[in-house]
Amino acid sequence: MDYYERVSKAVEIIKKAESLYCLTGAGISTESGIPDFRSPKTGLWEKIDPMKESTVEALYTNPSRFYKVAFPRYASFKGVKPNDGHAALVELEKMGYLKGIITQNIDNLHKRAGSRKVWEVHGNTRKSYCIGCDAEYAFEKLIEQLEKGKKVPGCEKCGGMLRPDIVLFGDPMPQAYYNAAEVIRKQCDCLLVVGSSLQVQPVAALPRFVSSLIIINLQPTPYDKKADVVIREKAGKTLKDIVTALST
Ligand code: NAD
């Protein structure tokens, strides 16, 4: 099957689906300029090891190193814009085909693009909080304090360390994940996976619970055999073509 036949197949599946949800990973944001973890050469694994630097242990044992090495990547999402892939998912939701998005991304781009139902199951870079008293702050508070020369941002109320509201390796999953997982298990009859290597647990287990699966990803995933259709093309172009086909 060529690319266009695969897109047509995906479109037919989407038209028939009663409850379509989308699961996104870092690959949907590479076209906005944010590197993913596992793409050969450009993936972040090549530069820093997130399993070592983006962990709860790294943050708690050597917070100044965490803020120096791992944090600048999170701070860099601020000036980045949503791309055609994010925009196409907004359209799919408006057209009534897509019920919601479960994203592993922490870059805020689905919400900034205008998607309404989004579960950010690895947190986001809009908020931060104090590990001592749980006081909440904007994510910008971290950047502000680091720019003023602090090595580790601190709480204005109790002096405890502030941290971004993201799920680091070793953190428990937030309630948003459990809510999303329940919806996938009980309601979803078709899952559209976009830009995820499907290797990071527990999110990577979600495709097991659905009867119909569409995968858009540049590299192979462990679920390719289970999928009804796999499209190995860029997310932006593919999602745009799907929306165009559904609109005509
Ligand atoms: P991953 O890096 O493991 O996999 C990304 C996949 O996307 C790869 O298989 C790659 O082939 C594919 N891809 C890259 N560009 C693509 C494109 N333009 N179109 C289609 N496919 C493309 O990412 P993951 O599965 O999300 O898991 C890694 C973890 O990394 C997640 O927990 C996530 O929180 C975190 N992460 C997030 C961001 C972000 O917020 N933007 C960036 C890097 C990592």
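## Close-up views of the ligand site and the cysteines

**View 1. The ligand sits in the largest pocket.** Welcome to this predicted model, and to the residues that line up around its ligand. The surrounding shell counts 27 residues, and the closest of them are F37, R38, Q104, S196 and S197. By residue class, this shell splits into 13 polar, eight nonpolar and six charged members.

**View 2. Polar atoms of A26, D107 and Q219 meet the ligand.** Let us start with the backbone: a polar backbone atom of A26 is 2.8 Å from an oxygen atom of the ligand. Another backbone contact comes from Q219, where a polar atom lies 3.2 Å from a ligand oxygen. D107 takes part through its side chain, with a polar atom 2.8 Å from a nitrogen atom of the ligand. On its own the ligand has 850 Å² of accessible area, and the protein covers 97% of that.

**View 3. C155 is a cysteine without a disulfide partner.** The structure as a whole holds zero disulfides. For C155, the nearest cysteine sulfur belongs to C133 and is 3.8 Å away. Because a disulfide requires two cysteine sulfur atoms within 2.5 Å, C155 is in no disulfide. C155 has a relative accessibility of 7%, so this residue counts as buried.

**View 4. The sulfur of C188 is too far from that of C190 for a bond.** Is C188 buried or exposed? With 8% relative accessibility, C188 counts as buried. The closest cysteine sulfur to that of C188 is in C190, and because the two are 6.6 Å apart, they are too far from each other for a bond.

How values were computed:
Residues are numbered from 1 along each chain as its sequence is written. This is a predicted model: local features need pLDDT of at least 70, side-chain atom pairs count only at pLDDT 80 or more; totals for chains, interfaces and linings use all residues. Side-chain values use heavy atoms; hydrogens and water are left out. A residue is near a molecule or strand if one of its heavy atoms lies within 4 Å of it. A polar contact is a pair of N or O atoms within 3.5 Å; within protein, one must be able to donate a hydrogen and the other to accept it, and residues adjacent in sequence count only if both atoms are side-chain atoms. Accessible areas come from the Shrake-Rupley method with a 1.4 Å probe; for residues, only the protein chains shown count as cover. On a 1 Å grid over the protein atoms alone, a cavity is a set of points where a 1.4 Å probe fits but cannot get out, and a pocket is an open set with protein on both sides within 12 Å along at least five of seven lines; lining residues have an atom within 4 Å of a point. A molecule sits in a cavity or pocket if more than half of its atoms lie within 2 Å of its grid points. Ala, Val, Leu, Ile, Met, Phe, Trp, Tyr, Cys and Pro count as nonpolar, Asp, Glu, Lys and Arg as charged, and the others, Gly among them, as polar. Buried means under 20% relative accessible area, exposed over 50%, partly exposed in between (1.4 Å probe, protein chains only).
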